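Q: I should like to learn how to read the features of a structural model. May we work through one together?

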Amino acid sequence: IKTIGVLTSGGDAPGMNAAIRAVVRRAVSLGLKVKGIRKGYNGLLNEEIIDMTARDVSDTISRGGTILYTARCAEFREEEGQRLGAEVCRKHGIDGMVVIGGDGSFAGAQKLAGLGINTIGVPGTIDLDIACTDYTIGFDTAVNTAMDAIDKVRDTASSHERCSIIEVMGRNAGYIALWCGIANGAEDVLLPENYDYDEQKLINNLINNRKRGKKHHIIINAEGIGHSVSMARRIEAATGVETRATILGHMQRGGSPTCRDRVYASIMGSYAVDLLAAGKTNRVVAYKGGKYTDFDIDEALAMQKHLDEYEYKVSKALSV
Ligand code: F6P
């Protein structure tokens, strides 16, 4: 391996810059060249490729977003796009590639690897929904941002003795919702993974909590369930308790990464370069069972992830 390409793809996540920085600096320390690819796979197809030195990543570790920009690329899901991508890599002398993103981005990485470009995935998504790893870059910052925002909504909900439904991100996964449910002491948490929720149960819970003297009632709703605004209208009509919906949205993806995100991103980015330097391809970097490791991308994409049932039970038990 002589030249490593690095790109970020899919939704941005805080800590992606720390991962890019680690890829660049680890590669430079091993005497390798680095090329940054802007705007994910789109930029690869359009040859938006820049040389990167150690100085190009100065002052980036504390910045949110991604300095390489990102995109979701429909063209790269097709065989023609993938072939073109591999050709562009060859044209620019890129013989190793680090793809920072989620499952969708890894599917692209798998194709590039199949076309002869040594490729390694680094898990970067706020959703924590990558099965092979217990940690994904961005989750820690996002969940802390959501927790702080929910604390604020809770202040006003208590003051007005209202019910608040707060919708958090996570696509089809409920990790952000469940963690906020525990961290914010929510009365109810609605998760896509156990979507057996019954609105009558929510209503009964709200009425019972009022009788027990609770001043606010926080319902955390995962975006995989959605419909927070109409839910709020129905709950207010059924209970007479003023109910508001707040959708936190993209604020959860921004901001300076936490220490945890910076450290894990730095180690995972370096680990990806070490895998390439050792001649490895078609691997995903992971943190599993308390240590850094890597998995075959095909295996990683076939794995299933489940919410921790005990965490869910605890969130219910502590909401009395
Ligand atoms: O995957 C990260 C994520 O923020 C999800 O939580 C959310 O469903 C999605 O991206 C939103 O995507 P977009 O930024 O394209 O609206």
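**Strands, burial and the ligand shell**

A: Let us begin with strand pairing: strand E1 (residues 3–8) and strand E2 (residues 33–37) run parallel and are joined by four bridges. Within this pair, valine 6 has glycine 36 of E2 as its bridge partner. Please keep in mind that this is a predicted model.

Q: How many of the residues of strand E1 are buried?

A: The general idea is to count neighbours: a residue is called buried if 20 or more other C-beta atoms lie within 10 Å of its own. In E1, five of the six residues are buried, so this strand is largely enclosed by the rest of the structure.

Q: Which residues lie on the two faces of E8, and are they buried or exposed?

A: One examines the two sides of a strand separately. In E8, His217, Ile219 and Asn221 lie on one side and Ile218, Ile220 and Ala222 on the other, and all of them are buried, which leaves both faces covered. Accordingly, strand E8 (residues 217–222) has six of its six residues buried.

Q: Which strands are joined to E8 by bridges?

A: Strand E6 (163–168) runs parallel to E8 and is joined to it by six bridges; there, serine 164 has isoleucine 218 as its partner. Strand E7 (residues 188–190) also runs parallel to E8, with three bridges, and aspartate 188 stands opposite isoleucine 219.

Q: What is threonine 246 in contact with, apart from its neighbours within four places in sequence?

A: Here one sets sequence separation against distance in space. Threonine 246 belongs to strand E9 (residues 243–247), and its contacts beyond those neighbours are Val153, Ser164 and Ile166. Its C-alpha atom is 6.2 Å from that of glutamate 167, although the two are 79 residues apart in sequence. Threonine 246 counts as buried because it has 20 C-beta neighbours inside 10 Å.

Q: What share of the contacts in the protein chain comes from residues 24 or more positions apart?

A: Among contacts with a separation of 6 or more, such residues account for 76%.

Q: Which residues have the most contacts inside the largest nonpolar core?

A: That core has 87 residues, and those with the most contacts inside it are Ala19, Val23, Val98, Ile176 and Ala272. Alanine 272, leaving aside its neighbours within four places in sequence, is in contact with Val23, Val98, Ile120, Val122 and Val285.

Q: Where are arginine 171 and asparagine 282 found?

A: The sign of phi merits attention in residues other than glycine. Arginine 171, with a positive phi near 55 degrees, is in the loop between strand E6 and helix H6 (175–183). Asparagine 282, with a positive phi of about 60 degrees, is in the loop between helix H9 (259–277) and strand E10 (283–288). As to burial, arginine 171 is partly exposed because 17 other C-beta atoms lie within 10 Å, whereas asparagine 282 is buried, with 20.

Q: Which residues surround the ligand?

A: A shell is read by its members and then by their character. The members are Gly11, Gly102, Thr125, Ile126, Asp127, Met169, Gly170, Arg171, Glu223 and Arg253. By character, two are nonpolar, four polar and four charged.

Q: What radius of gyration does the protein chain have?

A: One compares the value with that of a compact globule. For 320 residues, such a globule would have a radius of gyration near 20 Å, and the 22 Å of the protein chain agrees with this. Its C-alpha atoms fill a box of roughly 70 × 35 × 35 Å along the principal axes.

Methods: Residues numbered from 1 in each chain as written. Predicted model: local features only at pLDDT ≥ 70, side-chain atom pairs only at ≥ 80, totals over all residues. Near = placed C-beta within 6 Å. Nonpolar A, V, L, I, M, F, W, Y, C, P; charged D, E, K, R; others polar. Rg over C-alpha atoms; globule rule 2.2 N^0.38 Å. Contact = placed C-beta atoms within 7 Å. Core = buried A, V, L, I, M, F, W, Y, C linked by C-beta atoms within 7 Å. Buried ≥ 20, exposed ≤ 12 C-beta atoms within 10 Å, placed from the backbone. Pairing = 2+ DSSP bridges.
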